[in-house]
Amino acid sequence: MERKRATILPLCAALRVALHAFSFLAIVGLLSQEPARADAAAFEALVQKLGAESYSEKAAAVEAMAATGEPRALEIIKALAAGVLYRRKSDGMLVVAVPKGGGVLTLNAAASGAAAGEAPDGELEAIGLNNRVRRAIDSALGALTLLNADPAERIRAANSMFKSPNAATALPALDAALKAETNASVRTAFERARAAVLLASSDSSIADRVKAIDILQENGGQDVLGLLENASASKDEAVAALAKAAVERIRSRLALWSLAQNAWYGLSLGSVLLLAAIGLAITFGVMGVINMAHGEMVMIGAYATFVVQEGMRLYSPGLLDYSLLVALPLAFAVTGAIGIAIERGIISFLYGRPLETLLATFGLSLIIQQAVRTIFGPTNREVSAPSWMSGAFEVGGLSVTYGRLWIIVFALAVFVALQLLLKLTSFGLQMRAVTQNRGMASSMGIRTRRVDAMAFGLGSGIAGIAGVALSQIDNVSPNLGQSYIIDSFMVVVFGGVGNLTGTLVAALTLGVANKFLEPLAGAVLAKILMLVFIILFIQKRPRGLFALKGRSVEA
């Protein structure tokens with residue numbers, strides 16, 4: 001008996017200690033849950049404030065929610081921005097509503113995300129917004145996405161905060177994000193946003209504002225001028241003077257970038273003129289034929305691109321990105337064959353009669369235009385850009401579109417290929433011989449009529465592939481060629497008839513000059529001034545910039 005008692009007593013003591021320990025842990029657990037419950041209740045109260053009548057209270061609630069860092073805050077603010085946050089009239093609960101159909105919406109409690117049943121739209125009241133609340137939303141969304149895994153999303157968040165600077169929510173979030181950021185581009189965006197926040201805040205110290213001005217003038221353009229101009233009206237003379245100097249420096253830098261942008265636009269226009277004119281340089285240079293239907297070859301090339309894309313959309317939409325690669329040889333073959341047919345059927349009977357040739361090809365251009373209107377209709381046709389030609393990128397203050405960049409590369413590639421053809425092949429040798437002295441070339445056994453036909457086909461084929469490129473930047477319509485025929489003749493005459501190097505220099509020169517004149521004189525007057533310049537230039541140098549040499553040319 002004594003032995004049993006000696007065994008039971010320690011067990012009872014151990015159980016008593018375990019019970020006390022369990023009670024202590026339970027009390028500690030309950031106490032530790034109290035702050036969490038209190039935080040949840042506080043967050044739910046903030047959510048409910050989004051339904052307040054006062055827009056100021058709504059904006060303050062958005063800012064406070066963003067400052068909590070709660071994961072649900074981002075979803076709720078996104079719902080508010082998207083207009084799917086409602087107040088349920090029966091109990092005043094804020095819910096996120098998704099249409100189910102038949103005028104019924106599926107509801108989720110905004111604060112917790114838990115399912116809250118269904119309701120007809122008449123039982124819900126939309127949460128209204130104004131510009132102040134929208135600015136608070138933009139700033140809050142930026143603050144809550146600063147730590148996104150995608151660098152592009154982080155930059156987008158920083159730019160959102162830059163546009164809607166709010167020191168209460170943005171500054172702590174930006175400081176925390178900057179400590180963790182390693183990507184140089186993202187850090188620059190964060191620093192710019194932080195500088196905008198400091199400059200817009202009335203609570204910032206003078207030292208912080210001075211540092212912010214330095215950052216903005218180094219990493220900002222047109223978008224920072226408003227902030228700096230506001231800072232230039234500051235009561236602090238040092239801040240105001242520094243902001244004014246920063247504004248002047250940015251404006252000077254923007255003026256230089258504007259010149260660079262005009263030069264880029266000029267090169268882009270010059271490449272288009274080169275594509276449109278380079279085929280005409282061959283035709284006009286070899287045969288001396290004024291071909292007014294050359295623009296229609298450009299137009300047929302553009303329609304060939306449209307036909308290829310329509311076929312791919314119907315039969316192989318997955319290959320649509322490669323449509324231009326298919327359209328290039330097709331456009332060259334079709335327009336080249338048409339060019340040979342025109343030379344054999346019309347031009348060959350009119351050599352030595354330039355006026356009749358001009359009238360015949362002009363009439364032919366009208367016939368081709370009407371035929372295209374009959375087949376494809378008079379309206380513009382859509383030719384989509386492949387993914388690798390879409391979008392743009394920034395180089396400092398210079399905006400470069402991929403489409404224009406590829407057209408410049410393509411124009412130069414066509415120019416180089418033609419130069420190689422003329423200098424490294426027997427056909428090119430014959431073309432140059434006919435251009436320089438037709439009679440001598442004929443006496444040496446060169447079939448000049450065949451060279452004429454092939455040259456006309458080559459020039460027309462190049463016009464066709466120019467149409468493929470132009471379909472990416474202009475409307476594909478029956479009038480497409482008419483927009484470029486006069487400019488093409490101007491380029492050929494200015495550069496030197498039959499000289500490809502002259503055509504290249506003339507196209508780029510006229511393109512750049514035109515883009516610098518347009519802001520000063522307007523588009524129409526700029527073209528008139530360019531035409532007057534070329535007329536005066538031809539009076540001094542009738543053979544253009546690069547005159548061809550040869551006995552028949554010089555005769």
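This report describes salt bridges and one helix packing in a predicted model.

The model is predicted, so local features need pLDDT of at least 70 and side-chain atom pairs count only at pLDDT 80 or more, while totals for chains, interfaces and linings use all residues. Residues are numbered from 1 along each chain as its sequence is written, and side-chain values use heavy atoms, with hydrogens and water left out.

**Salt bridges**

Side chains of opposite charge can pair when their charged atoms come close. A salt bridge here is a side-chain nitrogen of Lys or Arg within 4 Å of a carboxyl oxygen of Asp or Glu. By this rule the model holds 8 salt bridges. The table gives three pairs, including the one between Arg313 and Glu310.

| Pair | Closest N to O distance |
|---|---|
| Arg313 and Glu310 | 2.9 Å |
| Lys527 and Asp487 | 3.1 Å |
| Glu518 and Lys515 | 3.5 Å |

Helices (H or I, at least four residues) are DSSP runs, numbered from the N terminus. Arg313 and Glu310 are 3 residues apart in helix α11 (residues 294–315), and about one helical turn separates them. Glu518 and Lys515 are likewise placed 3 residues apart, about one turn, in helix α19 (residues 500–521).

The salt bridge of Lys527 with Asp487 links two helices: Lys527 lies in helix α20 (residues 523–540) and Asp487 in helix α18 (residues 485–495), so the pair ties together parts that are 40 residues apart in sequence.

Accessibility is described in three classes: buried (under 20% relative accessible area), exposed (over 50%) and partly exposed (in between), with a 1.4 Å probe and protein chains only. Arg313, at 30%, is partly exposed, and Glu310, at 32%, is partly exposed. Lys527 is partly exposed at 44%, whereas its partner Asp487 is buried at 17%. Glu518 has a relative accessibility of 26% and counts as partly exposed; Lys515, at 23%, is also partly exposed.

**Packing of α12 and α17**

Two packed helices are described by the angle between their axes and the distance between the axes. Axes are lines fitted to C-alpha atoms over the stretch in contact, and angles run from 0 to 180 degrees between N-to-C directions. Helix α12 (residues 323–345) packs against helix α17 (residues 448–470) at an angle of about 145 degrees, and the axes are 7 Å apart. The contact of α12 with α17 comprises 14 nonpolar, 7 polar and 5 charged residues. In this grouping, Ala, Val, Leu, Ile, Met, Phe, Trp, Tyr, Cys and Pro count as nonpolar, Asp, Glu, Lys and Arg as charged, and the others, Gly among them, as polar.
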